[in-house]
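Dear colleague,

Please find below the structure that I am handing over to you. My notes on selected residues follow it.

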Amino acid sequence: MNEKKKIPIIKYLSYLLIVSVLFTGVTFSRYSSATSGDFSAGVSPFIASYEIDDISAASYTNSDFFLLSGAATGTPRTVRMTIRNYEKDEGDAVLRYSDIDLKATIRLYMPAELADNFVIQMAEAVGDEVISLTPQYVVGDFVYAVSEGTEDIDGDGINEYVRQKDGTGNFVYADYSDGGVRETIKSQDYQKRECTDETLSMTGGFAADGTGYIAASAENGNALSLTSSYKISNYSVGFHRGIDENDYRSQLYLDLEKEVLFYTIDISIPQMELRGMQAEEKTFVLYLSLAKRIDGTDYNFEWSSDTPEADTTRDMNRFLIAPQTGEEYLFNGAKVLGYHFDVSADTYASVSAPETMGTTTVRVKKVYDYRGGAKTFYYHVAPISESTYSYVHPIENFFDSSGAETQQPDTLEEIQSLFGVCNNLLGQPGAYFIAFRGLNDHPLFENYESQIESGEQEYALFNSLSKSYSTQFNVLFIQTSESIQGGIGQ
């Protein structure tokens, strides 16, 4: 038997992490619980849960962690989590606990483009003290072949790893088929927390296409593994939008789809074990640094509206019009699925309230069917009080001015007189109505009236400023006598 405890989505953050150059819009799963075993048959129960307590920040600047002077330009982000081997009631009393010893593993799932530039470190929070449990793991230093002892990068007297390149300037994947080691002291020090460095025994390796499996283990029981494979992924590239180059409105995001390389990164440490036959919990802090600038054609890409007679593909404004059957929209090799951007909307206590409560943010998302049509979806971009993030969730409940619930209309004109309520706020205390009056679905216009009446665009689009990925963060639990190997879909 395998059960998952259902928690109201409004009470907890979801587990998806949206990563971009600016790391815009982060949300995490607040709670996950599972049980296994038939209690009536006397099988030992497997009870485990985890909770994300806090995330320090939602953005990374796309730059090298250090300036040439050695000054840091980046700050590690922290994810604070608590793992438990028991189930609580609403009053926080222990209902039951696991009968077996458990071991937790942290799993990160993200595009290789991002993961190659990540630095990871684990610590445990004991009371007010945070104790480092691992040194910094520079992911790229595990993935790529290195020339050891050739350069003192940061002037600390230690010759750091220098990644090898082939004749075309690409990094060479490491081959651990005959074993090997990686010494964390030889990775560049990205202002890590103090901790004893490790020598890790390595196995595996990635093939020429970047796929494969690598495992690293230290004598103290710390272990890290990386599994790499290709998957069709959705991501977005955000463009500067405004009246002119000095005006910054909410970005226009092209929503894209392409096959890209993804890493599954599993981290396990002895301290993440929980003993059975008693209620136990531990709190850990995961430190994540973006060490190196991510280079690629998606960054600082100029939005072009040139329409030379011989090359209409340079007119990127066509991406804002639904493609016809047989037409193909590609941006840097990725299929264009549509676009989205954020707008401001008035809020009301009820559909008949004479005065606004205030304003909120609505995300307008256009999705193409590649048959000449498009569907518009609306989302509430709600701030979360205990963090700096916004929780983006769909608006699926629509009401007319009499308070009667209705379906979302197909036209922009029809929706102007309606109100929306988030699907997870409906019927909840404090719920409010979002007015669609004035909202438009085209990023080059300020509002519906200007879009319909004037027809002359008010905004221009300039260079790309950010890139957003979908990544996953999970905590996996197994019986301590078992082992886990990273992999897609596990």
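Which residues form a negative surface patch? Please note that this is a predicted model. The patch is made up of Glu151, Asp152, Asp154, Asp156, Asp189 and Glu194. One of these residues, Asp156, sits in the loop that links strand E12 (146-151) to strand E13 (160-163). Asp156 has a relative accessibility of 40% and is therefore classed as partly exposed, since that class lies between the limits of 20% and 50%.

A second residue to examine is Ser464, which belongs to strand E30 (residues 460-479). Is Ser464 buried or exposed? Its relative accessible area is 5%, so Ser464 is buried, the cut-off being under 20%. The side chain of Ser464 has two backbone partners to look for in the model. A polar atom of this side chain is 2.8 Å from the backbone oxygen of Asp298, and the side chain also reaches the backbone nitrogen of Phe301, at 2.7 Å.

The third residue is Asp369, located in the loop between strand E24 (358-368) and strand E25 (374-383). With 31% relative accessibility, Asp369 counts as partly exposed. Which backbone nitrogens does the side chain of Asp369 reach? One belongs to Arg371, at 2.8 Å, and another to Gly373, at 2.9 Å. Asp369 may also be viewed together with Gln324: the two are 45 residues apart along the chain, and their C-alpha atoms are separated by 8.7 Å.

Yours sincerely,
A colleague

Definitions and conventions:
Residues numbered from 1 in each chain as written. Predicted model: local features only at pLDDT ≥ 70, side-chain atom pairs only at ≥ 80, totals over all residues. Heavy atoms only, no water. Patch = residues over 30% accessible without salt bridge, like charges linked within 9 Å, V, L, I, M, F, W, Y side chains within 5 Å. Areas by Shrake-Rupley, 256 points an atom, 1.4 Å probe, with all protein chains shown as cover. Salt bridge = Lys/Arg side-chain N within 4 Å of Asp/Glu carboxyl O. Lys, Arg positive; Asp, Glu negative; His and termini not counted. Charge placed at Lys NZ, Arg CZ, Asp CG, Glu CD. Helix = DSSP H or I, 4+ residues; strand = E, 2+ residues; numbered from the N terminus. Buried < 20%, exposed > 50% of the residue type's maximum accessible area, 1.4 Å probe, protein only. Polar contact = N/O pair within 3.5 Å; in protein donor to acceptor, adjacent residues only side chain to side chain.
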